[in-house]
Structures are given as C-alpha cells and as structure tokens.
Amino acid sequence: MVNLLAAAAEEYPSTLFVVLLGIGVVFLGLICIIVLCIFISMILNKGKSSKITSGPVPAPAPVTPVAPAAPAVTEIPDKQAFIAAVSAAIAEDMGTDVSALRILSVKRL
C-alpha cells in the first residue's frame with residue numbers, strides 16, 4: 001500500500017495533494033459543525049435546569065369511558081357518477097382504458 005502511494009505521489013504529485021486537501025477540508029468542516037451544534041445546544045439549554053425534583057408525583061385524573069359514535073351512513077346522491085369517477089381513477093392508475101375495467105360492487109369502508 002505504501003509503495004502504491006509513493007508511486008502515485010511520484011507520478012501525480014498534484015493529484016495526491018488535491019485528494020488529501022479535500023479529505024482534510026471535509027473533516028475540518030465536520031468538526032466545525034459538531035462544535036457549532038454543541039455551542040448552540042449549550043446556549044438553548046442555558047435557562048433550563050437539569051435537576052430532577054423528588055417531590056410527590058400527582059395521580060393522573062380518572063378517565064371516563066366514552067362510547068364510540070355511531071357512523072353516519074349517508075347514501076351517495078349520484079351513484080353512477082361516483083362509479084364513473086372511481087373507475088376513471090383506477091384506470092388511470094393502472095394505465096388501462098376504462099372499458100377494460102369491470103366494477104362489480106362498491107362497499108363503504
């Protein structure tokens with residue numbers, strides 16, 4: 001490996017310099033970002049205390065069960081237009097023609 005680097009340094013001195021300089025700049029930038037993040041977190045956490053209070057913890061309020069609401073069943077006013085719109089959307093998604101589809105039933109979810 002050393003011979004390979006030495007041969008590359010003799011043959012292409014500027015190329016090896018550019019590679020090492022690029023790697024050095026990247027790591028220097030990463031170190032600067034880490035230091036900046038630590039500095040900003042210290043500034044933002046300056047007013048907050050990290051002490052844990054050992055006082056009694058209040059009990060949570062009791063939860064009263066609520067019955068689920070019955071789903072409102074509404075009839076589709078224009079069922080043929082709805083089926084036409086759904087079949088057009090399905091045909092567009094599948095990349096086929098609407099006449100190639102056959103919708104047998106429509107169920108509400």
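A nonpolar surface patch, as the term is used here, joins side chains of Val, Leu, Ile, Met, Phe, Trp or Tyr that lie within 5 Å of one another, each residue having over 30% relative accessible area and no salt bridge. In this predicted model, one such patch of about 550 Å² is formed by Val-19, Ile-23, Val-26, Phe-27, Leu-30 and Ile-33. Val-19 belongs to helix α2, which covers residues 13–44, and because its relative accessibility is 44%, Val-19 is classed as partly exposed.

Seen as a whole, the chain contains three helices and zero strands, so that its elements, read from the N terminus, follow the order α-α-α. Of its 109 residues, 2% count as buried, and the chain exposes about 10,600 Å², of which carbon and sulfur atoms supply 70%.

Helix α3, made up of the 16 residues 79–94, invites a check of its geometry: at 1.5 Å a residue it should span 22 Å, and its end C-alpha atoms are indeed 22 Å apart, in agreement with that expectation. Just after α3 comes Gly-95, which takes a positive phi of about 80°.

Within helix α3 lies Ser-87, and here one may ask whether this residue is buried or exposed. Ser-87 has a relative accessibility of 9%, and because buried means under 20%, Ser-87 counts as buried. Once its neighbours within four places in sequence are left aside, Ser-87 is in contact with Val-98, Leu-101 and Ile-103.

Technical notes: Residues numbered from 1 in each chain as written. Heavy atoms only, no water. Patch = residues over 30% accessible without salt bridge, like charges linked within 9 Å, V, L, I, M, F, W, Y side chains within 5 Å. Areas by Shrake-Rupley, 256 points an atom, 1.4 Å probe, with all protein chains shown as cover. Salt bridge = Lys/Arg side-chain N within 4 Å of Asp/Glu carboxyl O. Helix = DSSP H or I, 4+ residues; strand = E, 2+ residues; numbered from the N terminus. Buried < 20%, exposed > 50% of the residue type's maximum accessible area, 1.4 Å probe, protein only. Expected span 1.5 Å × (residues − 1). Contact = heavy atoms within 4.5 Å.
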